[in-house]
Amino acid sequence: MFDYKLILDLAILLFVTKLFGIIANRLQLPQVVGNLLGGLLVGPAVLGWVSTPLPNSPIDLFAKVGVILIMFSAGLETDIKHLKSTGVASIIIMLLGVLVPLGGGFLIAGAFHGFTEEMLFPNLFHGVVLTATSVSITVTTLKEMGKLNTKVGASILSAALLDDIIGLFILTLVLGASGDGESASNSYLINALVGAGMSNIGSLALSTLLFFIFTILTGLVINKIFTFLSKKFPSTRRLSIFSLVFALLMAYCAEEIFGIADVTGAFIAGVALSNLKDTQYIEKKIDTTSYMVFTPIFFANIGLKASFSNFTGTTVAFAICFTIVGLLAKVLGCGLGAKIARYSTKDSLRVGFGMMARAEVALIVVQKAIEKNLIESEMITIVLLLIIVSSLITPICLKLVYKKDKGNDDIIKTNIDKVPTDYDDFLLKG
């Protein structure tokens, strides 16, 4: 017999995520923060109206589709030409903006949990969580100040896009390398390679290489097909439906065949379709599908899994230190990268503060790590704290470092204003 409690749970979750998203927007916070807090409020941690979803439950499935759609949309938003416009500077900023937080997260986790061999990958995953950047708040703040179309604004956006790509790649590598066979259990290719005598890490490296060869070839073919369809049937629903099919297939192939994170496959599917004449039309339709149901459920589902029951004094201390390290590591790493790229000290600080915010990619990483039992479930709550704190202080810091600016920033011609920032841009219309 069908359990209609699921229908009630969906109604509650969709209502509270939208309500708290609106409230967050009024407070000039990312609406994703409202979604998370809404799920936290109605979940077991506070009111208990909605129980924690079991693995493979309907809500868990909705959340899985939600994260795939988020990363597919992010891929659609990726402007390859824009990435090229800021050149080497963005690459340097991105590299140090990934390596410094990765090392900082590893060290702070090791300081609390130890540097034993069994803690190697759990500690490393704490660093992976800190590598991601969310520029939605930064872009909104810079737009308000009229500083988005500057060298600093372009560098921040380009570095953040590269940052997420590298972060997902590191996530894929660490997930595969951390397994004792478990991570390969769902991968046909890795199982075959391991069965042929290759080590788990060696099979992962070969599988990753084959995956990217597969995605390049597939992406080129699919891009040609969609270019033809876009000319033949411009702005028709079949384009968005076929693109969704492609995203789901790429997510499946990544996870099940190659042993790569499904979100990586979805992201690359978006990149493959990012330069079409009808890309904006496809993105609009995908966003409507995603943000009506699946994406709010994904973020609410994370809030449902947050728990304070196992929090101790040590956990609270770790949460505070982890948040501080997460904020400072981005400022130092990205700021140093900008300085190496010969930016002024003031501009380097602007880049560092602009890359400080965290949001959906950090949540995706921590969710993956918890699914693999690599880090404790309390990390969801700790990452929520990092997201909220970084969302609050990023605009304040940016406004402070631009406070005495006389408006002589180098204005450059880019398409930044046309690039959707992420989840918030869609929700602001709702």
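This is a guided tour of the structure, stop by stop, with something to select at each one.

**Before you click**

You're looking at a predicted model, so local features need pLDDT of at least 70 and side-chain atom pairs count only at pLDDT 80 or more, while totals for chains, interfaces and linings use all residues. Residues are numbered from 1 along each chain as its sequence is written, and side-chain values use heavy atoms, with hydrogens and water left out.

**The whole chain**

Start with a cartoon view of everything. The protein chain has 18 helices and zero strands; helices (H or I, at least four residues) and strands (E, at least two) are DSSP runs, numbered from the N terminus. Of the 430 residues, 55% are buried. Here buried means under 20% relative accessible area, exposed means over 50%, and partly exposed is in between (1.4 Å probe, protein chains only).

Switch on the surface and you have about 18800 Å² exposed, with carbon and sulfur atoms supplying 68% of it. Accessible areas come from the Shrake-Rupley method with a 1.4 Å probe, and for residues only the protein chains shown count as cover. As for contacts (heavy atoms within 4.5 Å), take those between residues at least 6 apart in sequence: 79% of them join residues at least 24 apart.

**Stop 1: α1 and its salt bridge**

How many salt bridges does the structure hold? There are three, a salt bridge being a side-chain nitrogen of Lys or Arg within 4 Å of a carboxyl oxygen of Asp or Glu. Select Asp-9 and Lys-5 for one of them, at 2.6 Å from N to O. Both sit in helix α1 (residues 5-26), four residues apart, about one turn of the helix. Asp-9 is buried at 7% relative accessible area, whereas Lys-5 is partly exposed at 34%.

**Stop 2: across to α3 and α12**

Now pick Lys-64 and Asp-262, another salt bridge, with the closest N and O atoms 3.4 Å apart. Lys-64 belongs to helix α3 (residues 58-77) and Asp-262 to helix α12, so this pair ties together parts that are 198 residues apart in sequence. Lys-64 is partly exposed, at 27% relative accessibility, and Asp-262 is buried, at 5%.

**Stop 3: α15**

Select residues 345-354, which is helix α15, and show Arg-350 and Asp-347, three residues apart in it, about one turn of the helix. Their side chains meet in a salt bridge at 2.9 Å, N to O, and both residues are buried.

Step back along the chain to Arg-342, in the loop between α14 (313-340) and α15. Its phi is near 70°, a positive value in a residue other than glycine. Arg-342 counts as exposed, at 78% relative accessibility.

**Stop 4: Asp-278 and Ser-235**

Where is Asp-278? Look in the loop between α12 (262-272) and α13 (279-305). Asp-278 is buried yet has no salt bridge, and the nearest side chain of opposite charge, Lys-277, is 6.4 Å away. In this count Lys and Arg are positive and Asp and Glu negative; His and the chain ends are not counted. Leaving out residues up to four places away in sequence, Asp-278 touches Ser-230, Pro-234, Ser-235 and Leu-239.

Click on Ser-235 from that list. You'll find Ser-235 in the loop between α10 and α11 (237-257), with a positive phi near 50° even though the residue isn't glycine. Ser-235 is partly exposed, at 41%.

**Stop 5: a greasy patch**

Select Leu-206, Leu-209, Leu-210, Ile-213 and Leu-217, and show them as surface: together they make a nonpolar patch of about 410 Å². Patches are made of residues with over 30% relative accessible area and no salt bridge; like charges are joined within 9 Å, and nonpolar side chains (Val, Leu, Ile, Met, Phe, Trp, Tyr) within 5 Å. Leu-206 lies in helix α10 (residues 200-232).

**Stop 6: α6, mostly covered**

Go to helix α6, where nine of the twelve residues are buried. Among them are Phe-125, His-126 and Leu-130.

**Last stop: Ser-307**

Finish at Ser-307, in the loop between α13 and α14. Ser-307 is partly exposed, with a relative accessible area of 24%. Leaving aside neighbours within four places in sequence, Ser-307 contacts Ala-45, Glu-378 and Thr-381. Put a distance label between the C-alpha atoms of Ser-307 and Ile-380: they're separated by 8.2 Å, though 73 residues apart along the chain.
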